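Here are some friendly notes to read alongside the coordinates. Have the viewer open, and take the points in any order you like.

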Amino acid sequence: MNSKKWLLAAFVIIASVLYFMQDQWFTRDIDDYGFSTIMELVDLPDGSRIIIHEQPVNSLGDALRSQVNAYQQYNGRFLVHTVVQWFSGTKGDTFIAVANTLMWALMMVCFVLLSFGKKRLDVANLVIAFGVIWLLMPNALKMYLGSISGTTNYLWASAGNLLVLLLYDRIQRRDTPVALASGIVAALLALIVGSLQESFSIGIAAGLLVHALIHRGRVPRMAWAIAICYAIGAAFCIFAPASFVRAGIMGQGLRWYALIDLMKVPVVALTLLAFIVAALTRRNLVTRILKDNIVIITAIVVNLLFAIIIAYTGAWQLTCISLLSAIMLLQLFSHAITHRWTKIALACVSACCTIAIYSVQYGYRHRMWDLEQAMFNEARTSQDGIINMGEALEIDRPYNASRLAPLYRQYLKNPFEGLITNEQLNGPSLLSKFLTREAKTDLVTAFLPDSPQHIEDLFKQQAAAGGDSAAVTLGRFTITRSSKSGEVSMNDAQPRQQWVWNGKTYQLR
């Protein structure tokens, strides 16, 4: 093994250890709770169909059966969501963290090879590359270190897609034919990866086909096979019956705000700025990089159009664009900055910033993981089915109140936020099923932003001060109190939480 391979191996080992140290404390979100149950199709009297969650996922077979239904009505990501359901329903935290770490290692290998090739691999470039992934891709980092559904949908898809891009690039540059067996394996891999995630595959499929057509005179058959098989896999995901159901639910209309969200991703804004500056000073270099990245540029443009015109649902859908932008940024950087000490200085800055952010993340994620375990224990032992989220919000408040709040929002997002503020009607139901491993829905009845006792004390204090005792505001929540339970109602149109404490009915808005 030559020195470059030893360097790459050492980099991947260190990067993977750093990743595992945080991912072992991942927290499960509302999607994970939902995916831990089998999705069943139900036909309604009006002819429509809905998905319901009844039985828990206890095996890979359950996950496959669930995704056969989901492919028709919920989402076209059959393979990746099968893994999500299998993991959510049957696998423990350590198993999942190890699986994610292996995918992280694969992604990092492909990322640095696509960014630098073998010739420009050195310690400084690798340190900067890690900093770019860890510091400048907050949307992606939330996915890469997030819940089961987040990591599998985005980390695994990132690793698979970068591997396909790397294989295609190597094969189409080779002067000698690829062995038939190797070509078949690469084509099958492309077929599988193309079917994983539409926010990746629609643009990359277009990029591969456009590049193959432009260079059709010299692109070997095996490269063509990769491009075509990837496009077939992408079609399996994109044209799933569920994709049209989701498109109908979302409605029509251009989503220009996707551009605003994209510019909020630091690596994208920095890439755009770097190429504009370089175009004014190093035009030949920019032209060469653009010519060498037809696949990536086409993928970015097509995925962005796809987000704006058809399918944008949130900043996480821009992960592929962010990742491909990072590769182009590092390519430009490694060609433009060749002075040794300048590069070492940038690597030192990158290392210091990464260490600073990582150390804060490390402690914060462990504390939030401890709180999740406490929440689970509280739910199992609760007499009234009420989970107290006050401690989690207390940890949240110092970051929100500080000048570092924007940084906190980018890198240290409270994993409980989705549980507290969204899905308030079915969140307790799904959590109950997850905790009990059966279709029991009455274990958890409410998530509270503070303890019931403290909330009652606030009402008393407010009344003693001569204020309105009908409602109190606690953070982003408003809580009302009534002496008669009939005065407080829950319905599907206005999902809320209510509970009874000392003969009073409380309602969380």
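How many aromatic pairs does the count come to? The count comes to 17 aromatic pairs. Please keep in mind that this is a predicted model.

1. Let me begin with one of those pairs. Tyr19 and Trp104 are stacked, with 4.9 Å from centre to centre and 15° between the planes. Tyr19 belongs to helix α1 (residues 3–23) and Trp104 to helix α5 (residues 93–116), so this pair ties together parts that are 85 residues apart in sequence. Both Tyr19 and Trp104 are buried.

2. Next, a stacked pair within a single helix. The rings of Phe130 and Trp134 are 5.4 Å apart, centre to centre, with 15° between their planes. The two residues sit four places apart in helix α6 (residues 123–136), which means that about one helical turn separates them. Phe130 has 8% relative accessibility, so it counts as buried. Trp134 is buried too, because its relative accessibility is 0%.

3. It is worth selecting the rings together. Tyr19, Trp25, Trp104, Phe130, Trp134, Tyr144, Tyr358 and Tyr362 are linked into a cluster by ring pairs. Both of the stacked pairs described above have their residues in this cluster.

4. Two charged side chains lie over ring faces. Lys91 is placed over the face of Phe95, 4.9 Å from the ring centre. Arg340 lies over the face of Trp341, and here the distance to the ring centre is 5.2 Å.

5. Now for the salt bridges: the structure holds eight. In one of them, the side chains of Arg65 and Glu40 meet at 3.0 Å, N to O. This pair links distant parts of the chain, as Arg65 is in helix α3 (residues 60–73) and Glu40 in strand β1 (residues 37–43), 25 residues apart. Arg65 is partly exposed, with a relative accessible area of 40%, and Glu40 also counts as partly exposed, at 22%. A network of salt bridges links Glu40, Asp62 and Arg65.

6. Another salt bridge joins the side chains of Asp122 and Lys343, at 2.8 Å from N to O. Asp122 is in the loop between α5 and α6, and Lys343 is in helix α18 (residues 340–381), so the pair ties together parts that are 221 residues apart in sequence. Asp122 counts as partly exposed, at 22% relative accessibility, whereas Lys343 counts as buried, at 13%.

7. You may want to check the bridge between Asp261 and Lys264, where the closest N and O atoms are 4.0 Å apart. The cut-off for a salt bridge is within 4 Å. Lys264 is exposed, its relative accessible area being 52%.

8. On the surface, Leu254, Trp256, Leu259, Val301, Leu305, Ile309 and Ile310 make a nonpolar patch of about 650 Å². Helix α16 (residues 294–311) gives the most to the patch, with four residues. Leu254 comes from the loop between α12 (241–250) and α13 (257–263).

9. Finally, two buried residues and their neighbours. Thr82 is in helix α4 (residues 78–90) and counts as buried, at 5% relative accessibility. Leaving aside residues up to four places away in sequence, Thr82 touches Leu60, Ala63, Leu64 and Gln67. Ala187, in helix α9 (residues 180–194), counts as buried at 10% relative accessibility. With the same sequence neighbours left out, Ala187 touches Ala225, Ile226 and Cys229. Ala187 and Ile226 are 39 residues apart in sequence, yet 4.6 Å apart in space, C-alpha to C-alpha.

Key
Residues are numbered from 1 along each chain as its sequence is written. This is a predicted model: local features need pLDDT of at least 70, side-chain atom pairs count only at pLDDT 80 or more; totals for chains, interfaces and linings use all residues. Side-chain values use heavy atoms; hydrogens and water are left out. Patches are made of residues with over 30% relative accessible area and no salt bridge: like charges are joined within 9 Å, nonpolar side chains (Val, Leu, Ile, Met, Phe, Trp, Tyr) within 5 Å. Accessible areas come from the Shrake-Rupley method with a 1.4 Å probe; for residues, only the protein chains shown count as cover. Rings of Phe, Tyr and Trp (its six-membered ring) pair if their centres lie within 6.5 Å; planes under 30 degrees apart count as stacked, over 60 as edge-to-face and the rest as tilted. Buried means under 20% relative accessible area, exposed over 50%, partly exposed in between (1.4 Å probe, protein chains only). A charge sits over a ring if NZ of Lys or CZ of Arg is within 6 Å of the ring centre and within 35 degrees of the ring normal. Contact means heavy atoms within 4.5 Å.
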